[in-house]
Amino acid sequence: MRLIALAFLITALFTGSASAADLYIKYKLYALGLPIGSGVLSLDVDSKSYSVSANGQTAAFGRLVSDGKGTVEVAGTAQKLDLEPARYALDLKSEDETGTITMRMRKGSIDAIEVQPPQDRMKERVKVTAEHLKSVLDPLTAAVLPAPQGLAKESCNRTLRIFDGKERYDVHLQYKSRKATRTSDGRFKGDVIVCGVRYEPISGHRPKRKSIQQLAANKSMEVWLAPVGDKPYLVPLRASISLPFGSLLVEAEKYKLSE
């Protein structure tokens, strides 16, 4: 599940309710070209507040993805387009990892964290300092990018400072191209920007762990960002990563804006 979250994406790989949402996107997850999961991103955002709620599941596929399901939600304020999370909650059940994470946040800093069960092997991990908990986003908020310039290069070129309750990492986005695409339901048909993605671990991780080293060195990650109707935000329409054991792809098949 870590790879799904870090591919960004795959943070958006959940199934949620479409009722009263500004945007509803249904995704499918593929491993080596075979469908192994599906899900939805459901978003509400206005000039003062936002919320994202989601839940979903994946099927086990060799060493790439474990069998799992979970729920996640976040809510906060919108200040001059910037999203400031206030409450974040994750409940995850998988073969690799089971537990809950709750966070309270204020003005980009972490006020309180509860992780159950507590993280193990703490002596092997890079210590998370108080400084690491400032000016950060949760993984779900990070999937909704403020973009006052729309599909411009500048909307892609940025670094997302993320804390997921256990680990602090940066996700670096870099503009690659702009292209036309459409979802299979035909409701989204238009341009997206394609961004290269690079993962940089900061703290909370085990630096000697091979999967962390491989992910940090991976240059194949890519995300396609699409507009949220006429709102000044972008969200992932497609995300992909190639790994030593195969490839993962998340792709939107349905896109629905509120009427």
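User: I'm new to this one. Which backbone oxygen does the side chain of Arg-168 reach?

Analyst: In this predicted model, the Arg-168 side chain gets to the backbone oxygen of His-132, at 3.3 Å. It also makes a polar contact with another side chain, that of Asp-170, at 2.8 Å.

User: Where is the place of Arg-168, and is Arg-168 buried or exposed?

Analyst: Look for strand β10, which covers residues 168-182; that's where Arg-168 is. To read burial, take the relative accessible area: under 20% means buried. Arg-168 has 3%, so we call it buried.

User: What does Arg-168 touch, if we skip residues up to four places away in sequence?

Analyst: Quite a list: His-132 and Val-136, then Arg-161, Ile-162 and Phe-163, and also Pro-201, Ile-202 and Ser-203.

User: Let's zoom out. How many helices and strands does the protein have?

Analyst: Two helices and 14 strands. The protein has 259 residues, and buried ones make up 50% of them. Among contacts with a separation of 6 or more, 57% are between residues 24 or more positions apart. As for the outside, the accessible surface comes to about 12,600 Å², with 48% of that belonging to carbon and sulfur atoms.

User: How many aromatic pairs turn up in a search of the whole structure, and how is such a pair described?

Analyst: The general idea is that a pair of aromatic rings is described by the distance of the centres and the angle of the planes. Here the search finds two aromatic pairs. In one of them, Tyr-169 with Tyr-199, the ring centres are 5.6 Å apart and the planes sit at 55°, so this pair counts as tilted. The pair links distant parts of the chain: Tyr-169 belongs to strand β10 and Tyr-199 to strand β11 (residues 189-203), 30 residues apart.

User: Why do Tyr-169 and Tyr-199 count as they do, buried or exposed?

Analyst: Same reading as before, with the cut-off for buried at under 20%. Tyr-169 counts as buried because its relative accessibility is 3%, and Tyr-199 is buried because its relative accessible area is 2%.

User: Which ring does the charged end of Arg-238 sit over?

Analyst: That of Trp-224, with the charged end 4.6 Å from the ring centre. Keep Trp-224 in mind, since it is also among the residues that Val-235 touches.

User: Which residues have the most contacts inside the largest nonpolar core?

Analyst: They are Leu-43, Val-52, Tyr-88, Leu-173 and Val-235, in a core of 66 residues. Strand β13 (residues 231-243) gives the most to this core, seven residues. Leaving out residues up to four places away in sequence, Val-235 touches a set that includes Leu-23, Ile-25, Leu-41, Leu-43 and Ala-143.

User: What about the backbone: which peptide bond is cis?

Analyst: Check omega. The bond from Gln-116 to Pro-117 is cis, with omega near -10°. You'll find Pro-117 in the loop between β7 (109-116) and β8 (145-146).

User: And what is the phi of Lys-80 and of Arg-121?

Analyst: Lys-80 has a positive phi of about 50°, although it isn't a glycine. Arg-121, also a residue other than glycine, has a positive phi near 50°. Lys-80 is in the loop between β4 (68-79) and β5 (82-94), while Arg-121 is in the one between β7 and β8. Lys-80 has a relative accessible area of 82%, so it is exposed; Arg-121 is at 45%, so it counts as partly exposed.

Definitions and conventions:
Residues numbered from 1 in each chain as written. Predicted model: local features only at pLDDT ≥ 70, side-chain atom pairs only at ≥ 80, totals over all residues. Heavy atoms only, no water. Helix = DSSP H or I, 4+ residues; strand = E, 2+ residues; numbered from the N terminus. Buried < 20%, exposed > 50% of the residue type's maximum accessible area, 1.4 Å probe, protein only. Polar contact = N/O pair within 3.5 Å; in protein donor to acceptor, adjacent residues only side chain to side chain. Contact = heavy atoms within 4.5 Å. Areas by Shrake-Rupley, 256 points an atom, 1.4 Å probe, with all protein chains shown as cover. Phe/Tyr/Trp six-rings, centres within 6.5 Å; stacked < 30°, edge-to-face > 60°. Lys NZ or Arg CZ within 6 Å of the ring centre and 35° of its normal. Core = buried A, V, L, I, M, F, W, Y, C linked by side-chain atoms within 4.5 Å.
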